[in-house]
Amino acid sequence: MIPTLKTLLTALAITLIACSVRAQEVTYPFNIRTITAGVTVSGLSDTTSILEAITFLKQAKAEYEAAGYVVQTIRISTQHLYQYLDGKTLQEALPYLQVFDKIAQKEGMPFSVGYALPPDTYQEGIGDWAYQLITSTEQINFSLPVSSKAQGILDNGIKAAAEVTLAVAKRKEGNFRFTASANCPANIPFFPAAYHIGENSFGIGVEYPALMTEIFKEGDWNTAKKNLKEGLETHFQPVEAMAKELSRTSGWKYDGIDSSPAPGLTSSIGEAIETLTKQPFGGPLTLSACAMITDVIKSLDLQLCGYSGLMLPVIEDKVLALRAGENRFTVQELLLFSSVSGTGLDVIPLPGNTSQETVARIYRDVASLSLKYTDKALSARLFLIPGKEAGDVVEFDNPYLTTAKVMKVE
């Protein structure tokens, strides 16, 4: 019996509904932390490029969500701010950045403008300008370079970054949107280090320490490396396949996946490492675990971009914050762990009276480490907490940050 058109249409509708239900029922043991679009704007007045990026990002987010993935954020980065000032000063650029920010606020979308100053440049009053930017916007992120492969350690950049760190700390959580960037490449999906070079493109960042914890539960030290590599490739290759198809249909270049395991308050890299080592984070085997995990995430059979290194952000990770409060590791030891992993010193709570000279010394250490090894991308986001001393408990308004104790700077 030949089916009628009505029967065929009914069957098709049922199939589509079933597919939709299956997509909604799919759950993955990781989240897409960000889909970040990079655009080259023609100038401070170029909102058209921003709106085009938003349209693309919404489409990308919808496609991943239709496949059952959780997409936590979509973001935009531009080329370095100093490259499109059009002869204006940073002060004169503020109203234009506030327009960008209003667009970003409407979409709930973080927005990065890269370096505020050219490499190895210090500008009088940069701290005051940064404070104005942070207090007059909600979504704008920016950075300053403290080292580069081409120029080495950038003394003026270190001076500027240290001044900005103290200035923006005057606003609670002000340092969340600023970082000192050490030898970081273009098109990192994660903020605040993100900046863009080239044609319109996009990259993906993932939150997956909970997946790592499950993988480490299934084996021991001898099988962990093999299990981790196979598990991550199994889960992330379909994400990459979707990205490549999205690139083909949209015309936006695909940069890759930043394989850094961004943690969340329910997905702890500290817990994952402790599951592997059977020791509190900071104890014996922590360094070995950091090295092994980094070896894996840099060798995945994927198109990688960005840091693709291990993140240890203290106040974004409940276990790391707990172990820091127990004095199981220091700021210097975090930098030691970064020597075999990635991505530097991230959201480290420090006393509010930490001097500009001390901050500059920390940045110099980060800069030196970034140049010691080939293509090592590091950044430093130091959280000075006004009115707090080492050992004091600090709570944050930001839903992505956890309660922590202020760490001592030796």
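## Close-up views of the predicted model

**Figure 1. The lining of the largest cavity comprises four nonpolar, six polar and one charged residue.** Here Ala, Val, Leu, Ile, Met, Phe, Trp, Tyr, Cys and Pro count as nonpolar, Asp, Glu, Lys and Arg as charged, and the others, Gly among them, as polar. The model is predicted: local features need pLDDT of at least 70, side-chain atom pairs count only at pLDDT 80 or more, and totals for chains, interfaces and linings use all residues. Residues are numbered from 1 along each chain as its sequence is written, and side-chain values use heavy atoms, with hydrogens and water left out. The structure has one cavity of 30 Å³ or more. The volume of the largest cavity is about 40 Å³. Its lining consists of T36, A37, G38, S77, N187, I188, P189, H196, F202, G203 and D255. Two elements, β1 (31-39) and β7 (201-207), give two or more residues to this lining. β1 gives the most, with three residues. Helices (H or I, at least four residues) and strands (E, at least two) are DSSP runs, numbered from the N terminus. Rolling a probe the size of a water molecule over the atoms shows where empty space is left. The search runs on a 1 Å grid over the protein atoms alone: a cavity is a set of points where a 1.4 Å probe fits but cannot get out, a pocket is an open set with protein on both sides within 12 Å along at least five of seven lines, and lining residues have an atom within 4 Å of a point. Grid points are joined across faces, edges and corners, and a volume is the space filled by probe spheres set on the points.

**Figure 2. The largest pocket has a volume of about 890 Å³.** Its lining holds 36 residues. R75, P110, F176, N398 and Y400 lie nearest the centre. β2 (71-78) and β10 (378-385) are the elements that give two or more residues to the lining. β2 gives the most, with three residues. By class, the lining has 13 nonpolar, twelve polar and eleven charged residues.

**Figure 3. The second largest pocket has a volume of about 360 Å³.** It is lined by 23 residues. Nearest its centre are N183, P185, D375, K376 and A377. Strand β4 (140-148) and helix α9 (286-298) each supply at least two lining residues. Eight of the lining residues are nonpolar, eleven polar and four charged.

**Figure 4. The largest nonpolar core has 119 residues.** A nonpolar core is a set of buried Ala, Val, Leu, Ile, Met, Phe, Trp, Tyr and Cys residues joined through side-chain atoms within 4.5 Å. Buried means under 20% relative accessible area, exposed over 50%, and partly exposed in between (1.4 Å probe, protein chains only). W129, F142, L232, L312, L345 and Y363 touch the most other members. L345 is in contact (heavy atoms within 4.5 Å) with V331, L334, L335, I362, V366, S379, A380, R381 and L382, leaving aside its neighbours within four places in sequence. Another core, of eight residues, lies apart from the largest; C184, I188, A193 and A262 are among its members.

**Figure 5. A salt bridge joins D155 and R364.** A salt bridge is a side-chain nitrogen of Lys or Arg within 4 Å of a carboxyl oxygen of Asp or Glu. The closest N and O atoms of D155 and R364 are 2.1 Å apart. The pair links distant parts of the chain. D155 lies in helix α5 (residues 155-168), R364 in helix α12 (residues 356-372), 209 residues apart. D155 is partly exposed, at 43% relative accessibility. R364 is also partly exposed, at 36%. The structure holds 17 salt bridges.

**Figure 6. Helix α7 (residues 221-250) carries the salt bridge of E240 and K244.** Side chains of opposite charge can pair when their charged atoms come close. The N to O distance between E240 and K244 is 3.6 Å. These residues are four apart, about one turn of the helix. E240 is buried, with 8% relative accessibility. K244 is partly exposed, at 41%.

**Figure 7. R248 and E245 meet in a salt bridge through their side chains.** The N to O distance is 2.6 Å. R248 and E245 are three residues apart in helix α7, so about one helical turn separates them. R248 counts as exposed, at 60% relative accessibility. E245 is partly exposed, at 39%. In a separate network, E274, R323, E326 and R328 are joined by salt bridges that share partners.
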